[in-house]
Amino acid sequence: MKLAVVAVAALLLAAGVASADEFDFFYLVQQWPGSFCDTQAGCCFPDTGKPAAEFGIHGLWPNYAKCRPAAGAVADDDDGVVEMVVDGGAAVERHHRRRQKCWPEYCDDGNKLRPWEIKDLVAELDANWPTLSCKGGKSFEFWSYEWKKHGTCSGMGQHGYFAAALELKKRHDLAAVLAGAGIVPSDDESYSLGSIRDAIAAATGAVPNLECNRDAAGETQLFQVYQCVDRSGKKLVDCQLPMQGKCRDKVKLPTF
């Protein structure tokens, strides 16, 4: 029996299937809705209405401390260190996934999110984890996707996974943190990227990573804040991995 278990584990490893416990830390990713909505693609509000003008959860993502070769990868001359460890930008993600894998995903496709598991969290999730995608107006579809792709690799149960993300977000209101440092939503002002990072680090006790995008006019703006969390899903820690998050020295924080 033990030999059979070992053999199955070896086959899964060879196929590139990650186990639910095989990661080093989490990213708690929160996005600024103004920067989601003012792009050329725009946004759509969920069926619960327009979200509040505050950072909303995108996901709680298990991550590797060091990228590893992807299954079936073939090294080539430009096969270097992956600096951009983000879960957005399909073209960038495909480019790096050919050679390196920086996070586990889809660890148990059969473990679908069950509504009754999180029924006591729905009001909080609607307020703090809304969808802005125009693909569908129901946030449950967004939560289901995040659970299937990332939550199944977290080592947590369904309720525990979403409760952990909500608890982490509750500790620090990022919009209020930035406002306390004089960084407020504006359609005209630009802010130093370093001042944004420093303000969040000072308030939370941990250095974050930042990701930017472009508005419809091509201006660089703060899009997402990546806070690193230990494997327990409870303690914020400094983000150690470098991230090329499409940012410049000066960025905007648009109104919403």
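In what follows, contact means heavy atoms within 4.5 Å, and the model examined is a predicted one.

**Exercise 1. Determine which elements the buried residues of α8 pack against, and describe how the helix begins and what follows it.**

Step 1. Establish the extent of the helix: α8 covers residues 193-204, and its 12 residues reach 17 Å from the first C-alpha to the last, close to the 16 Å expected at 1.5 Å a residue.

Step 2. Identify the residues that count as buried, for which the cut-off is under 20% relative accessible area; in α8 these are L193, I196, A199, I200, A201 and T204.

Step 3. Look for the surroundings of these residues: they pack against α7 (174-180), β5 (191-192), β6 (209-214), β7, β8 and β9.

Step 4. Inspect the two ends. At the start of α8, a side-chain oxygen of S192 comes to within 3.2 Å of the backbone nitrogen of G194, while the helix is followed by G205, which has a positive phi near 80 degrees.

**Exercise 2. Work out which helix supplies the largest share of the largest nonpolar core, and place that helix in its setting.**

Step 1. Begin with the core itself, which has 23 residues, and in which L60, L125, W129, W143 and F162 have the most contacts. At least two residues of this core come from each of β1, β2, α5 and α6, and the largest share, 6 residues, is that of α6.

Step 2. Set this core apart from another: a second, separate core of 17 residues includes V177, L178, I196 and I200.

Step 3. Turn to α6, which spans residues 158-171 and whose 14 residues reach 21 Å between the first and last C-alpha, close to the 20 Å expected at 1.5 Å a residue. Its buried residues are Q158, Y161, F162, A164, A165, L166, L168 and K169, and they pack against β1 (25-31), β2 (56-63), α4 (122-128), α5 (139-149), β7 (220-229) and β8 (236-237).

Step 4. Follow one of the core residues outward: with neighbours within four places in sequence left aside, W143 is in contact with L113, I118, V122, L125, D126, W129 and F162.

Step 5. Consider the strands. β1 and β2 run antiparallel and are joined by 7 bridges, and the bridge partner of Y27 in β2 is W61. Since 8 of the 8 residues of β2 are buried, this strand is largely enclosed by the rest of the structure.

**Exercise 3. Decide whether T131 is buried or exposed, and describe its contacts.**

Step 1. Locate T131, which lies in the loop between α4 and α5.

Step 2. Apply the accessibility criterion: T131 counts as buried because its relative accessibility is 5%.

Step 3. List the contacts. Not counting residues up to four places away in sequence, T131 touches C44, F45, P46, G136, G137, K138, S139 and F142; in addition, a polar atom of its side chain lies 3.2 Å from the backbone nitrogen of S133.

**Exercise 4. Examine the positive phi values of Y106 and K246, and state where each residue lies.**

Step 1. Recall the background, which is that most residues other than glycine have a negative phi.

Step 2. Take Y106, a residue other than glycine with a positive phi of about 50 degrees, found in the loop between β4 (100-101) and α4; at 31% relative accessibility, Y106 counts as partly exposed.

Step 3. Take K246, whose phi is positive and near 65 degrees, and which lies in the loop between β8 and β9 (250-251); at 39% relative accessibility, K246 counts as partly exposed.

Key
Residues are numbered from 1 along each chain as its sequence is written. This is a predicted model: local features need pLDDT of at least 70, side-chain atom pairs count only at pLDDT 80 or more; totals for chains, interfaces and linings use all residues. Side-chain values use heavy atoms; hydrogens and water are left out. Helices (H or I, at least four residues) and strands (E, at least two) are DSSP runs, numbered from the N terminus. The expected span of a helix is 1.5 Å times one less than its number of residues. Buried means under 20% relative accessible area, exposed over 50%, partly exposed in between (1.4 Å probe, protein chains only). Two strands pair if DSSP finds at least two bridges between them. A nonpolar core is a set of buried Ala, Val, Leu, Ile, Met, Phe, Trp, Tyr and Cys residues joined through side-chain atoms within 4.5 Å. A polar contact is a pair of N or O atoms within 3.5 Å; within protein, one must be able to donate a hydrogen and the other to accept it, and residues adjacent in sequence count only if both atoms are side-chain atoms.
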